[in-house]
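Colleague: I would love a close look at the nonpolar core of this one. Please walk me through what builds it, and then place it within the rest of the chain.

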Amino acid sequence: MKCFFRNDEDLGPSITIKAFNYTFGFCLCHRREDRCVKFLGLEHIMCSRCLGIWLGYLLGASIFTMNFRIPIQISILMIFPMLIDGFSQNFGFRESNNILRIITGILFGTGFASFLLAAIVHGI
Ligand SMILES: [Zn+2]
């Protein structure tokens with residue numbers, strides 16, 4: 001099995017996995033121009049939601065390695081604002097904005113990383 005990461009100009013960041021004579025590809029971000037924060041060239045790499053999620057993963061992993069534990073109930077609650085923001089926008093109830101996408105993405109990433117690391121290290 002082989003796994004490749006690449007940042008294609010047209011496709012964006014993607015992962016390609018070759019296993020058992022099959023090739024699977026995963027596009028990691030749509031990079032819609034209106035949903036990207038134009039800062040330090042990040043708009044060429046990922047959208048504001050993905051930026052928030054990855055910052056959250058980094059924050060959650062950092063918090064975990066510093067032996068600070070977010071209670072599991074709080075970790076799960078931190079996931080919901082992004083789900084509510086994303087689904088309410090997806091179903092046309094409202095339109096989100098890039099600041100909200102980053103904030104809810106950071107909450108999601110931090111909560112998800114804390115939950116996942118706690119589950120891996122301590123079990124649930
Ligand atoms: Zn994205």
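Modeller: Happy to! One term is needed before we start: a nonpolar core is a set of buried Ala, Val, Leu, Ile, Met, Phe, Trp, Tyr and Cys residues joined through C-beta atoms within 7 Å. A residue counts as buried if 20 or more other C-beta atoms lie within 10 Å of its own. Please also keep in mind that this is a predicted model.

With that in hand, the largest nonpolar core has 13 residues, and the members touching the most others are C29, M46, C47, C50, L51, L107 and F108. Three elements each contribute two or more residues to this core: α1 (48–65), α2 (72–90) and α3 (98–122). The biggest contribution, four residues, comes from α3.

L51 is a handy place to stand inside this core. Setting aside neighbours within four places in sequence, L51 is in contact with V37, L42, M46, I102 and G105. M46 on that list is itself among the core members that touch the most others.

Since α3 gives the most to the core, let us stay with that helix and look at two of its residues, T110 and S114. T110 is found in helix α3, and it is buried because 27 other C-beta atoms lie within 10 Å. Beyond residues up to four places away in sequence, T110 touches G56, L59, G60 and M78. Sequence distance and spatial distance are both worth checking here: T110 and S96 lie 14 residues apart in sequence, and their C-alpha atoms are 20 Å apart in space.

S114 also belongs to helix α3. It has 26 C-beta neighbours inside 10 Å and therefore counts as buried. Its contacts, leaving aside neighbours within four places in sequence, are G60, I63, F64, I70 and S75. G60 thus appears in the contact lists of both T110 and S114. As for reach along the chain, 42 residues separate S114 from I72, yet their C-alpha atoms are 7.8 Å apart.

Now to the setting. The protein is divided into domain 1 (1–30) and domain 2 (33–122), with 22 Å between their centres, taken over C-alpha atoms. Where they meet, five residues of domain 1 are in contact with four residues of domain 2. On the domain 1 side, the touching residues are three nonpolar and two polar, with no charged ones.

Along the sequence the pattern reads β-β-β-α-α-α, which is three helices and three strands. The strands make an open antiparallel sheet in the order β1-β2-β3. β1 (2–8) and β3 (22–27) are at the edges with a single partner strand each, so one side of each has no neighbour in the sheet. From one strand to the next, the twist averages 20°.

The pairing can be followed strand by strand. β1 is joined to β2 (residues 12–19) by seven bridges, with N7 standing opposite P13 in β2. The hairpin formed by β1 and β2 has three residues between the strands. On the other side of β2, six bridges lead to β3, and T16 stands opposite G25 in β3. The β2 and β3 hairpin has two residues between its strands, and F20 in the turn has a positive phi of about 50°.

A few overall numbers complete the picture. The C-alpha trace spans about 40 × 40 × 30 Å along its principal axes. Of the 124 residues, 24% count as buried. Among contacts with a separation of 6 or more, 55% come from residues 24 or more positions apart. If you are turning the model on screen, α3 is a good starting point, as it gives four residues to the core and carries both T110 and S114.

Terms used
Residues are numbered from 1 along each chain as its sequence is written. This is a predicted model: local features need pLDDT of at least 70, side-chain atom pairs count only at pLDDT 80 or more; totals for chains, interfaces and linings use all residues. Domain bounds come from an automatic or database domain assignment. Two residues are in contact if their C-beta atoms, placed from the backbone, lie within 7 Å. Ala, Val, Leu, Ile, Met, Phe, Trp, Tyr, Cys and Pro count as nonpolar, Asp, Glu, Lys and Arg as charged, and the others, Gly among them, as polar. A residue is buried if 20 or more other C-beta atoms lie within 10 Å of its own, exposed if 12 or fewer, and partly exposed in between; C-beta atoms are placed from the backbone. Two strands pair if DSSP finds at least two bridges between them. Axes are lines fitted to C-alpha atoms, for helices over the stretch in contact, and angles run from 0 to 180 degrees between N-to-C directions.
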